[in-house]
2 protein chains.
Amino acid sequence: MAANALFKDSLTVVNVGLGGFAENVVAASGQCVPLQWQPPAQGDRAGAWALAEILGHPLVERANATALERFLAAHPVLTGIAPAREAIAAMANERRLILHAGPPIAWPAMCGPMQGAIVGAIVLEGWAESVEAAQLLAASGRVSFEPCHHHGAVGPMAGIISPSMPLFVVENKTAGNRAFSNMNEGLGKVLRFGANNAEVVTRLRWMASVVAPTLRAALGRSGPIELKPLMAQALNMGDEVHNRNAAATALLFKRLAPALVEADVTREAAVATLGFIAGNDHFFLNLSMGACKAMLDAAAGVAGSSMVTVMARNGVNFGVRLAGTGETWFEAPANPVDGLYFPGYSIADAAADLGDSAITETAGVGGFAMAAAPAIVKFVGGTPTDAIHHSLRMRAITLGANPAFSLPALDFAATAAGIDARKVVDSGVLPVINSGIAHRVAGVGQIGAGVTTAPMACFTAAVKALARQLHAIEEQR
Amino acid sequence: MAANALFKDSLTVVNVGLGGFAENVVAASGQCVPLQWQPPAQGDRAGAWALAEILGHPLVERANATALERFLAAHPVLTGIAPAREAIAAMANERRLILHAGPPIAWPAMCGPMQGAIVGAIVLEGWAESVEAAQLLAASGRVSFEPCHHHGAVGPMAGIISPSMPLFVVENKTAGNRAFSNMNEGLGKVLRFGANNAEVVTRLRWMASVVAPTLRAALGRSGPIELKPLMAQALNMGDEVHNRNAAATALLFKRLAPALVEADVTREAAVATLGFIAGNDHFFLNLSMGACKAMLDAAAGVAGSSMVTVMARNGVNFGVRLAGTGETWFEAPANPVDGLYFPGYSIADAAADLGDSAITETAGVGGFAMAAAPAIVKFVGGTPTDAIHHSLRMRAITLGANPAFSLPALDFAATAAGIDARKVVDSGVLPVINSGIAHRVAGVGQIGAGVTTAPMACFTAAVKALARQLHAIEEQR
């Protein structure tokens, strides 16, 4: 267009990025359409260059297709309930090992609720007599701390697993891999939110001695329970199977109760166990997490893949792992969680985003499936329309969709599935996560629930590492 | 506007009603906005005049406010389970009385499935040895047939209640009125869809001898169960508590199971009863109906009120009752049901709309609350958007909204509540009803499910009667 014409005709300007440029146009009575845009990797130049190298890369595309296929083909089944020391090899010996949520972290760096939960677990195991003695022992270096994810396990919030705790054993019948999750204690003052008083420890002992063997007996009668259809049904009943598990818990209950009555357990144990599950709408959460872990582990270890297989938080850092980058964690400081706080608390009281439960979002449910769960906004904040928008937005950063999980409110569209770290870095759209909120001080417990996002820096670091890995592969050729 | 100006200016025509007039305008290159409109009462002049007399009538407005208030204040609670002969006074003596769905109808006029179900009930009661003998007895006049609604009861589809059948007893704790409903048999070949073979009768005997006493014992432990909060929760979990009761059934199950294990029943009876409920996602339907009946009966008997308290179908006629017109039925031929048919069947095989279950729509749930249940369209047809539109459209014909029942997909809006017969006649918007579909021949059973509407003529007749009643009242003054 000749400059002449340009200055004669009426103009409509599209302003990309910084709003400042648009202001002058508008001030001069011009029209301006603002386009929200920011550079890839939120301005990290090296990250953007790394991204440019692997966007559309045929090896990455092929690897992602394989990883996504393995994830979609997974068929997680609850096959058993066993104490951690039996389920997890590293706990079999007499070593004092405690697993925690998120990427690795040393005792002094841990957030309050994680330290509180570890202290409770030490008392539970009888390694110390009192909370004070347990604190000294934890700080002494004579207890080992490792991420749940290093042992095929997941735990919500602090995610503490100690040797005597009963674990759900979830097997992916397609590939044979197994995942483990601890058992949900309910709401209020519970270990996973950092509470550790006598009531908490007594409940955990009772869960190990009464609930676990009773459920094991019921599972013996019912046979293994397929978790994917159960989650799919719950998504059609208002759950997103992360922070809302009311339907999934009721469906599991309906499945277990007749078997439990048939099983060889005392009436007292049966009544107590049924009452415990019936009284906790979050009971299914840990099974949802175990199922997601089993599905995602099936996708791990595909060289070159940029598919995210783990998102987890230790209350300080947020960590992700890719299918293509082995056991490396890519970390960044965890975001705070905005949401609905219980009366008397605010974001100032909150620990940073915490827990392995973001494995649900990694698997395309939880925040990614919020469109299925309009009623969850009463718990985490926002409106049903926000919930639908979260699910729609996640399509921008995923490799495909999971036909096993449908969203009724979106005309039964399949849930977005397989987060592609490249798409996150490229689009600036961050994975959305529904989360409980723990008080930052040990011992207080839950103070709310809300919605947060994974930090960009994890994905940028992961993309850089994947680009380096591709260089190495190409040099070998 | 001067005729001169009229013919000079460009015109935009709004065409009200018949499309034919618009055609000429469009043919002459004019623009025309069609307005869908039809005269009140679908052209019934006397109906429209009667409507004009009672629209905005202060007595009707006051009466409706009272009726709606009593309906909204109702607090239905499951208090017991008892054989029909104990619950229903008219069955206490040795009289051979069978109750059926919808308005009154004589044996020869009944549809196939209702005759089939009655024959099954006669065999169940031992009044005849065989299906053939039962048919002869039914036709002989030596068995009485009366509507469930004449005895405070409701039954889905054929709605057959005979003396030995166990009934749920639902009490409205606010006003003290009681309602009854029979117990859901499950899907497939069942009495309510007109099946009557040995399997059907055997199951009914087992329900009376095992399921009912077991549940009664559980209810003794759990104490009375409040149904309104349970329905409200289910509406937040994808049910509309008419044709989808998956969540409500699971919630009821979760409530009953621990009590059932504690109760003094055999393990065999406990396992069988739990299995029976766990295997039938429609189990809660009859309780939903009982609760709706108890809520609506609270509104009955308010002189001058045009609020609909009953909509029910006997498979031939559709009948409604108003709060202001006592026990009079206003009837019209029942509509066919459009929907999803099981393989091999079509609308040609279907009985007309059948059952007392439209009591749920009368109470503002079921079809009126379809926005809560997007997944129901897999069962009754249509899309989740249709489901939302049904709920929105029903606001045009209701007196108010029920804050106890919210629709998450509509930002937790309260459900439309209290159908105003005047508004139906005035707007031409017909109450939407979700319904099962029975084969028109006795003994075949269910062949599908779908969505239908109540016929206009019932409401026009009701409006005429109410206008006459107001004349009488005004003449007495």
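The following paragraphs describe a sheet in chain B and then the relation and contact between chains A and B in a predicted model.

In chain B, five strands make up an open sheet of mixed pairing, arranged in the order β6-β8-β7-β3-β9. The edges are held by β6 (153-154) and β9 (225-226) of chain B; each has a single partner strand, so one side of each is left without a neighbour in the sheet. Within the sheet, β7 (residues 166-172) and β8 (residues 178-181) of chain B are paired in the antiparallel sense, with four bridges between them. In this pairing, R178(B) of β8(B) is the residue that E171(B) stands opposite. Helix α8 of chain B, which spans residues 198-222, packs on the sheet and touches β3 (76-83), β7 and β9 of chain B. The direction of this helix makes about 140 degrees with that of β3(B).

The description now turns to the two chains together. A turn of 180 degrees, with a shift of 0.1 Å along the axis, lays chain A on chain B with an RMSD of 0.1 Å. The two copies are therefore related as by a two-fold rotation axis. The C-alpha of M237(A) is the one in chain A nearest the axis, at 2.3 Å from it. Both copies use the same surface, since 100% of the contact residues of chain A recur in chain B.

Chain A contributes 26 residues to the contact, and chain B contributes 26 residues. On the side of chain A that touches chain B, α10 (246-262) and α11 (267-278) of chain A each supply at least two residues. The largest share of that side, ten residues, is provided by α10(A). By residue class, the side of chain A that touches chain B comprises 18 nonpolar, four polar and four charged residues.

Technical notes
Residues are numbered from 1 along each chain as its sequence is written. Chains are lettered from A and ligands numbered from 1 in the order in which they are written. This is a predicted model: local features need pLDDT of at least 70, side-chain atom pairs count only at pLDDT 80 or more; totals for chains, interfaces and linings use all residues. Two strands pair if DSSP finds at least two bridges between them. Two residues are in contact if their C-beta atoms, placed from the backbone, lie within 7 Å. Axes are lines fitted to C-alpha atoms, for helices over the stretch in contact, and angles run from 0 to 180 degrees between N-to-C directions. Copies are superposed by least squares on the C-alpha atoms of residues with pLDDT of at least 70 in both. Ala, Val, Leu, Ile, Met, Phe, Trp, Tyr, Cys and Pro count as nonpolar, Asp, Glu, Lys and Arg as charged, and the others, Gly among them, as polar.
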